[in-house]
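Hi,

Here is the structure I said I would pass on. Have a look at it first, and then read on for what turned up.

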Amino acid sequence: MRVVSGKYRRRRFDVPKTFKARPTTDFAKENLFNVLSNYIDFDGVDALDLFAGTGSITIELLSRGCRKVVSVEKDNMHYSFIKKVLSELKDTDCVLLRSDVFSFLSKTSDTFDFIFADPPYALKELADIPDIVMGHEGLLSDGGIFVLEHGKDYDFSSHRDFFCHKSYGSVNFSFFSKERAEDSDE
């Protein structure tokens with residue numbers, strides 16, 4: 001796992017081969033952040049990383065200057081790996097939670113400028129995630145962006161808050177934002 005940009009640029013962390021999580025590829029992550037840089041200046045942003053897995057996106061967000069990143073991962077081995085990486089970096093701007101994402105979302109009252117979710121592609125609730133995130137009043141700030149990573153079998157283009165789709169090999173990203181979706185209707 002490689003950090004693409006920012007203060008931790010070029011740092012590498014070896015993900016244990018025993019992990020069930022499939023980290024977002026460096027190629028897809030680099031392209032995702034190139035697209036996002038057109039919409040977001042991450043410096044000072046509050047971000048949420050759901051289904052954090054290896055922590056690749058969490059570390060990238062911290063590296064790019066986010067004020068705070070809340071990282072939610074329920075698998076104990078993955079949680080421990082992210083905690084170890086954060087300790088190595090001595091970065092205190094991450095709130096790492098070992099929790100079920102849906103339980104976290106049902107309880108949180110925090111607001112985020114950027115939300116990223118990379119659920120297991122076989123997750124039965126994957127198709128519901130845009131409705132859950134975008135329907136959670138106050139979760140995403142005005143003008144904020146939510147990105148869902150998913151497999152090729154999903155198409156979210158008819159979702160009311162959808163505004164963009166990008167594909168990099170087998171990795172797909174759907175982008176959602178109330179304001180940008182409204183702007184794209186004009």
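Let's start with the aromatics. Keep in mind that this is a predicted model. There are 13 aromatic pairs in the structure. One of them is F116 with F173: the ring centres are 6.3 Å apart and the planes stand at 50 degrees, so this pair counts as tilted. It ties together distant parts of the chain, since F116 belongs to strand β4 and F173 to strand β7, 57 residues apart. Are these two buried or exposed? F116 is buried, and F173 is buried as well.

Another pair to look up is F162 with F176, which is edge-to-face, with 6.1 Å from centre to centre and 75 degrees between the planes. Here too distant parts of the chain are linked: F162 sits in strand β6 and F176 in strand β7, 14 residues apart. Both F162 and F176 are buried. They also belong to one aromatic cluster, together with F146, Y154 and F156.

While you have the rings on screen, find Y79 too. The charged end of R98 sits over the Y79 ring, 4.5 Å from the ring centre.

Now for the sheet that those strands belong to. It is an open sheet of 7 strands with mixed pairing, and the order across it is β3-β2-β1-β4-β5-β7-β6. Which strands stand at the edges? They are β3 (94–98) and β6 (162–168); each has a single partner strand, so one side of each is left without a neighbour in the sheet. On average, neighbouring strands are turned by 15 degrees against each other, direction ignored.

The partner of β6 is β7 (residues 171–176); the two run antiparallel and are joined by 6 bridges. If you want one bridge to look at, take S167, whose partner in β7 is N172.

Next, helix α2, which covers residues 56–63. This helix lies across β1 (46–50), β2 (68–73), β3 and β4 (112–117), and runs at about 175 degrees to β2. How many residues of α2 are buried? The count is 8 of the 8, so the helix is largely enclosed by the rest of the structure. In sequence order, the buried residues are S56, I57, T58, I59, E60, L61, L62 and S63. What covers them includes the helices α1 (26–36) and α3 (76–89), along with β1, β2, β3 and β4. After α2 comes G65, which has a positive phi, near 100 degrees.

I'd spend a moment on E60, which is found in α2. Its relative accessibility is 0%, and because buried means under 20%, E60 counts as buried. What does the E60 side chain reach at 2.8 Å? That is the backbone nitrogen of V4. The E60 side chain also reaches the backbone nitrogen of S5, at 3.0 Å. Leaving aside residues up to four places away in sequence, E60 touches R2, V3, V4, S5, K29 and F33.

If you only have time for a few stops, I'd suggest the F116 and F173 pair, which is tilted, then the β6 and β7 pairing with its 6 bridges, and finally E60 with its reach to the backbone nitrogen of V4.

Over to you, and happy browsing!

Technical notes: Residues numbered from 1 in each chain as written. Predicted model: local features only at pLDDT ≥ 70, side-chain atom pairs only at ≥ 80, totals over all residues. Heavy atoms only, no water. Pairing = 2+ DSSP bridges. Helix = DSSP H or I, 4+ residues; strand = E, 2+ residues; numbered from the N terminus. Axes fitted to C-alpha atoms, helices over the stretch in contact; angles between N-to-C directions. Contact = heavy atoms within 4.5 Å. Phe/Tyr/Trp six-rings, centres within 6.5 Å; stacked < 30°, edge-to-face > 60°. Buried < 20%, exposed > 50% of the residue type's maximum accessible area, 1.4 Å probe, protein only. Lys NZ or Arg CZ within 6 Å of the ring centre and 35° of its normal. Polar contact = N/O pair within 3.5 Å; in protein donor to acceptor, adjacent residues only side chain to side chain.
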